[in-house]
Amino acid sequence: MVLVDADLQFGDIASALSLPDSRTIVGALDTRDDDELVDGLVRHEDDFFVMPAPPTPEDAEHVTPADLVKVVRRLNGRFRYVVVDTTPGVGEHSLALIAAATDGVFIANINVPSLNAMRKELQLLDSTDGMPPNRHMVLNFTDRKAGITPAKAAEVVGTAFDIEVPRSVAVLFASNEGVPLIHHDVRDAAAKALRKLVQRINPAAVPTRRRIHRRWRAQ
């Protein structure tokens, strides 16, 4: 599996995983062949690869939507799973990536502004036929004290949520330690929700501490 940080201006996946960001998507644009492209990726100790975002917002200006899609398609030829983290909203880069995706994971926090923004995004994608073939709706930071229920959140967005990820301090701890949550605390409720999301996309996956990367190894 390879994880691409497509939040080009302010992506922080490398930081969250305690990885170097010296080899980024900007350098990938100049690679001559796919072997060189893969060699330029950063490898996490949990046996997956990362393509970090550019180191500065200025560097991001050199990456066009077409460039980004081209790199992702090249990676798709070498990896079974290419996971792309896009920037919030529906800018040109995000729209190009969503149009090329097989699965779209749409995440909204359980607050009214975030839910309203998600409703507008879904409406735009539906109206432009830009919705990926498979859609997965995720409600993040659910909490009984949030003042809004998951049912009400679904009403605001206009569609049901497939996965609810509860608020958890384990997410903060895992991020600060640079460890994927599902490996940091396998019993945490948020980690369990993420495993459900993995299995929505691939029911055959067994996302546990010991086995997830045996199933998700690059092909």
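1. In this predicted model, I201 has a relative accessibility of 32% and therefore counts as partly exposed, since that class lies between the limits of under 20% for buried and over 50% for exposed. The residue belongs to helix α11, and together with V105 and I107 it forms a nonpolar patch on the surface, for which the accessible area of the three residues together comes to about 220 Å².

2. The helix that carries I201, α11, spans residues 189-201 and lies across β5, β6 and β7, with a direction that runs at about 160° to β7. A reader new to the structure may find it useful to look next at the sheet itself, in which three strands are arranged in the order β5-β6-β7, forming an open sheet with parallel pairing. Because β5 (103-109) and β7 (163-166) stand at the edges and have a single partner strand each, one side of each is left without a neighbour in the sheet. On average, and with direction ignored, neighbouring strands of this sheet are turned by 25° against each other.

3. The pairing can be followed strand by strand. Between β5 and β6 there are seven bridges in the parallel sense, and V105, which is also a member of the nonpolar patch, has H136 of β6 as its bridge partner. Strand β6 (residues 134-142) is joined to β7 by four bridges, again with the strands running parallel, and here T142 is partnered by P166 in β7. A second helix, α7 (residues 112-127), packs on the sheet, where it touches β5 and β6, and its direction makes about 155° with that of β5.

4. Which residues of β5 are on its covered face, and which on its uncovered one? The covered face consists of G104, F106 and A108, whereas D103, V105, I107 and N109 make up the uncovered face. In a regular strand, side chains alternate between the two faces of the sheet. Two residues of the uncovered face, V105 and I107, are those that join I201 in the surface patch.

5. Is N140 buried or exposed? With a relative accessible area of 17%, N140 is buried, because the value falls under the 20% limit for that class. This residue is placed in strand β6, and, when neighbours within four places in sequence are left aside, its contacts are I107, A108, N109, I110 and V165. Among these contacts, A108 is on the covered face of β5, while I107 and N109 are on the uncovered one.

Methods:
Residues are numbered from 1 along each chain as its sequence is written. This is a predicted model: local features need pLDDT of at least 70, side-chain atom pairs count only at pLDDT 80 or more; totals for chains, interfaces and linings use all residues. Side-chain values use heavy atoms; hydrogens and water are left out. Two strands pair if DSSP finds at least two bridges between them. Axes are lines fitted to C-alpha atoms, for helices over the stretch in contact, and angles run from 0 to 180 degrees between N-to-C directions. Contact means heavy atoms within 4.5 Å. Patches are made of residues with over 30% relative accessible area and no salt bridge: like charges are joined within 9 Å, nonpolar side chains (Val, Leu, Ile, Met, Phe, Trp, Tyr) within 5 Å. Accessible areas come from the Shrake-Rupley method with a 1.4 Å probe; for residues, only the protein chains shown count as cover. A salt bridge is a side-chain nitrogen of Lys or Arg within 4 Å of a carboxyl oxygen of Asp or Glu. Buried means under 20% relative accessible area, exposed over 50%, partly exposed in between (1.4 Å probe, protein chains only).
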